[in-house]
Structures are given as structure tokens and as C-alpha cells.
Amino acid sequence: MSWLTYIHAHHGQPLARHDVVATPVSTREVAAIMQLASRLGVPVTPVGGASGVQGAANATCGGILLDLGAMNKVRRLDRKSLTCVVEPGMNVKAFEAQLNAEGLSFTHYPASAEWASIGGCVGARGSGVLSTKYGTIQDHVLSAELVLPGGGVVQLPAVPRHGVGPELTQLFVGSEGTLGVITAVTVRLRHLPARREFAAFRFESLAQGIEAGRRIMTTGARPAVMRLYDRDAAVHSLDRAVQAGLDNVTMVLMLDGDHPALVEAEAGVCRDLCLEQGGRDIGAQVGQRWWDQRYVFYHPPHAPQLPQIWCTMDAVADFAHIEGLYDAVTKAMREAVDPVWGLTLKTHLSHWYDWGSMIYPRFGIPKGPDDLDQALELHDAIVRAATLAALEAGGVMNDHHGVGLRLAPYMEQQFGAEGLALLRSIKRAIDPGRILCPGKLGL
Ligand SMILES: Cc1cc2nc3c(=O)[nH]c(=O)nc-3n(C[C@H](O)[C@H](O)[C@H](O)COP(=O)(O)OP(=O)(O)OC[C@H]3O[C@@H](n4cnc5c(N)ncnc54)[C@H](O)[C@@H]3O)c2cc1C
């Protein structure tokens, strides 16, 4: 679902060039396919829901598209440990519905839940709207079963906290199909929360909102949702869904939990800290409406379509750098484009950590050039400006959408020559024939 994929297909030059699609139903079948591909030196690209936005799931070098969609079973549900072994093709929304029926929750809700698969979330190292409290996918995954390029099957240790050497499961989280095929993961579950509290605050400046968010996170309160919209995002995006007449920086909060007293206490802490930073309480219903409407942003008329050019960049930094990151990236993106193209830019901060946060600058150009190369050039200029500005400002170039094709050219700037050489030697050791997703992740 990457713009890169759409625009290439639109011009009759698809990025997806697979020769065959294989649809395995078991780990044994995946292993047999990998053995064959390895013997023949044929590229293999795993795909889940194909909702990734960096173009990673396109088989750009041809070969086998390994569609994991039919491996979609829950293998084991452990109600005592609150863990579950699930196959990679399980759709995130279907998984959540299945768990909710049992009073449980995965608590990993990417905005793309209706398309995304568990394997894709792990492959792209994704994050969900509740990550501020429950963590990103790397915090949800306890263990994995993998098929290596030569067909070997590996079962990694049952839990990630141990003293038996490096934590190998995390090596494969975010590896974007370049190191192995995930055929099952053990994930953490939670009980469905008994209580949800909503809140929303208006700020005079983004800096005040960021400081309120920083204090909330460093005080130890853990809102499940804390989304801070800059003025453009609040007025031109959030308000279209919540219809609250928003006119400036807005923070939407949701707190949840099993015990109402704890939820209320955390809501009180968040409220106090927002008010202390000059926030004005604009009512719980704004937060509640965002929650009810949270998927409409990804469907017409809100979702962009060709001939527009669009992309949601995301970058992450610690609190010392986050405000500078926002300023540098948004300025660089605006300056990268001739005003005739009518760039729109809406930015929010939606995944918070106890050491920092991330920015989500979402750009759009109402109508790009008709020529494919010129359209790509315009798109790439904005992406380049944002990425280099993020790195220059002390950030990391991506929070949770992955690298894929779009950010592959910047891996050396991100990791340094020695860092990228280390990554490449890991790739060489695991996949000497370079059959898994060649060209992705800058490898
Ligand atoms: C409207 C919209 C909203 C989005 N919102 C979010 C969001 O809130 N949070 C977020 O994190 N992302 C979001 N995304 C991006 C995307 O949905 C996520 O990256 C998602 O996790 C991808 O899952 P998928 O199954 O579609 O993966 P795919 O696109 O199929 O694949 C993604 C990557 O994982 C690899 N992969 C897939 N399955 C396996 C496997 N079994 N083994 C090894 N590698 C594998 C692929 O090769 C590819 O590199 C959004 C996308 C859209 C279009």
C-alpha cells in the first residue's frame, strides 16, 4: 500500500515482478520452498497483508512471492501466562476479534489492522495506537519460529529475558524478510480493559504540548493513547473526524486498565500536567470521538489517492532532541518543494516512550507531475530532505514503518559505514546466496 507501489503500477511499470506466488500452509512447506529456492538461487519475498508503506513486500527482483496468508492459525493459547502462539498470516483485526471474544486483547492495533498480518507487523517492526502503554511489536513478541534461507527451522528461546547469550528473536524483528521467514510467533496478551477514560487538551504551542507529554511519561503515568497534533494536523485532519472546531495544537488521551481507581488516578495525573503546561481541557468527548472514528482517516474521503503524491514519514528522538527534530524536519520538507506544487504537511506525535517520542509528518501534493520519473523525483526530494534533516537533528530516521525501498538509500547515513558493514555481514552469514528480499533494507 505504498505510494511507490501505486505510482509504478499506474505507469505500467510495476515494482512487483514475481514469477510465481507460493502459498504454504505449514512450516514444513515453507522449509521445502526455501530449500528449493536456495538450491536454484531464486529470490524469495515474504508477504503478509501487503499494507507496508515502504514498498518492502514487492518482489522487485522477481522469483517467488511467498504469501503467508494461509498460515493464519492460533497454535496455542495459554490463559495462565497470557501468551499465544500465532502464525504469521493471521490478520491483526481478526486476531483481536478472536481474542476479545475470550475477554483478551493483543493490544497491538496499527491503524492498518484490517489489512496487516502478524508476520508483517513483526517484519516491519511496527507499532500500534496503544504503544505508549503497551509497547511496540518488539515488546509484544516473546519468541519466534523461523525458516532460514537454506530451509533450516529454528525455534528461538521461549522468552526474551534470559541469560543464554544475545537475544536472537529481536534480530529478526524488523528484518523485513531479509534474514528469515517467520512461521510463528509467541506474543503477550492482556485482559480486555474494564475501564477507558478519555481526555483532550488544547495548547498554545507545540512546545507546551511536548513538555506536557514529557512530564507525563517521566512521571510514570502511562496513557494508552497520547496523540499530540500540531496546528495543521489538528485543524485539517483531526477536526474533520471529531468535528470539535479545533483551532490549535491538540492532545488526545485515552487511559485504560483493569482497575477503575488506577485509571482515574492516571487520568488525574495527565490532566494536572497538561494544565500546568498551559493546556486547556476541551472535553472528554473529543478523545472519545477520535477513538470511535480512528479508522476513518484511512478510507475515502480522508485517505489520499492518485494522482496525489503522499507519504507519512516518521522519525524518533529522545526528549532532548524531539522539538528540534520537529522543527528541522518540517522546515526541510517545506523547503524541498517549489510552492507551485501546493505541499500540505500535517504532523502529530503519537508514540511516546519514557525517554522520548516520535513525529509523524504526513505530506501530500494534490497532483504530481504526469511523468513517472518527475513524480518520483519530487517524492524522493521530500523524503530525502526529511530523512537527512532527521538524522542531522539527532533523530533516528524511522520509528515503526520500516526501511523497505524508500529509506534503503539512507542506511549508511543512519548506521555509519562500519554499522552497515556489520549488518551486511550478518546478512551474508545467514543468507550467503542473497535470496531473501535482495535490495531491501539497504542490504
Ligand atoms: C493506512 C495505513 C495505516 C498504517 N498504520 C500503521 C500503524 O499504525 N502502525 C504501523 O506500524 N504500521 C502502519 N502501517 C504500515 C503497515 O500496515 C505495517 O507496516 C504492517 O505491519 C505491515 O503488515 P503487512 O502484513 O501488511 O506486511 P507486508 O506489507 O506484507 O510486509 C511488510 C514487511 O514484512 C515482511 N514480512 C511479511 N511477512 C513476513 C514473514 N512471515 N516473515 C518475514 N518477513 C515477513 C515483508 O517482506 C515486508 O518486508 C500503515 C499502513 C497503511 C496503508
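These questions and answers go through a predicted model, from its ligand site to its backbone exceptions.

Trainee: Which residues come nearest to the ligand?
Mentor: The model is predicted. There are 34 residues around the ligand. Those that come nearest are Pro46, Ser51, Ser112, Ser117 and Ser127.

Trainee: How far is an oxygen atom of the ligand from an N or O atom in the side chain of Ser117?
Mentor: A polar contact needs N or O atoms within 3.5 Å. At Gly49, a polar backbone atom is 2.7 Å from a ligand oxygen. For the side chain of Ser117, the distance from a ligand oxygen is 2.6 Å.

Trainee: Which residue has a backbone N or O atom 2.9 Å from a nitrogen atom of the ligand?
Mentor: This contact involves a ligand nitrogen and a backbone atom of the protein. The residue is Ile182.

Trainee: How much of the ligand's accessible area does the protein cover?
Mentor: On its own, the ligand has 970 Å² of accessible area. The protein's cover amounts to 95%.

Trainee: Which element gives the most to the shell around the ligand?
Mentor: Strand E2 (44-47), helix H4 (118-123) and strand E9 (181-188) each supply at least two residues. The top contribution is 4 residues. It comes from H4.

Trainee: How many residues of that shell are charged?
Mentor: Nonpolar residues number 18 in the shell around the ligand. Polar ones number 15. The charged count is 1.

Trainee: Which helix supplies the largest share of the lining of the second largest pocket?
Mentor: This pocket holds about 920 Å³ of space. Its lining has 43 residues, with Arg125, Gln138, Val173, Asn398 and Phe415 nearest the centre. Helix H5 (131-134), helix H7 (169-172), strand E16 (315-318) and helix H14 (411-430) each supply at least two residues. The largest share, 8 residues, belongs to H14.

Trainee: How many residues in the lining of the second largest pocket are charged?
Mentor: The lining divides into three classes. Nonpolar residues make up 20 and polar residues 16. The charged residues number 7.

Trainee: Why is the pair of Phe319 and Trp352 called tilted?
Mentor: The structure holds 8 aromatic pairs. In this one, the ring centres of Phe319 and Trp352 are 6.3 Å apart. Stacked means planes under 30 degrees apart, and edge-to-face means over 60. The pair is tilted because its planes stand at 35°.

Trainee: How many residues apart in sequence are the parts that this pair ties together?
Mentor: Phe319 lies in helix H12 (residues 319-335). Trp352 sits in the loop between strand E17 (344-349) and strand E18 (356-365). The pair therefore ties together parts whose separation in sequence, in residues, is 33.

Trainee: What is omega for the cis bond that joins Leu306 and Pro307?
Mentor: Most peptide bonds are trans. The bond from Pro300 to Pro301 is cis, with omega near 5°. Pro301 lies in the loop between helix H11 (284-292) and strand E15 (309-312), and Pro307 is also found between H11 and E15. For Leu306 to Pro307, omega is about 10°.

Trainee: What phi does Leu82 have?
Mentor: Most residues other than glycine have a negative phi. Leu82 is in the loop between strand E4 (74-78) and strand E5 (83-86). Leu82 is not a glycine, yet its phi is positive, at about 55°.

Notes. Residues numbered from 1 in each chain as written. Predicted model: local features only at pLDDT ≥ 70, side-chain atom pairs only at ≥ 80, totals over all residues. Heavy atoms only, no water. Near = heavy atom within 4 Å. Polar contact = N/O pair within 3.5 Å; in protein donor to acceptor, adjacent residues only side chain to side chain. Areas by Shrake-Rupley, 256 points an atom, 1.4 Å probe, with all protein chains shown as cover. Nonpolar A, V, L, I, M, F, W, Y, C, P; charged D, E, K, R; others polar. 1 Å grid on protein atoms, 1.4 Å probe; cavity = no way out; pocket = protein on both sides within 12 Å on 5 of 7 lines; lining within 4 Å. Points joined across faces, edges and corners; volume = space filled by probe spheres on them. Phe/Tyr/Trp six-rings, centres within 6.5 Å; stacked < 30°, edge-to-face > 60°.
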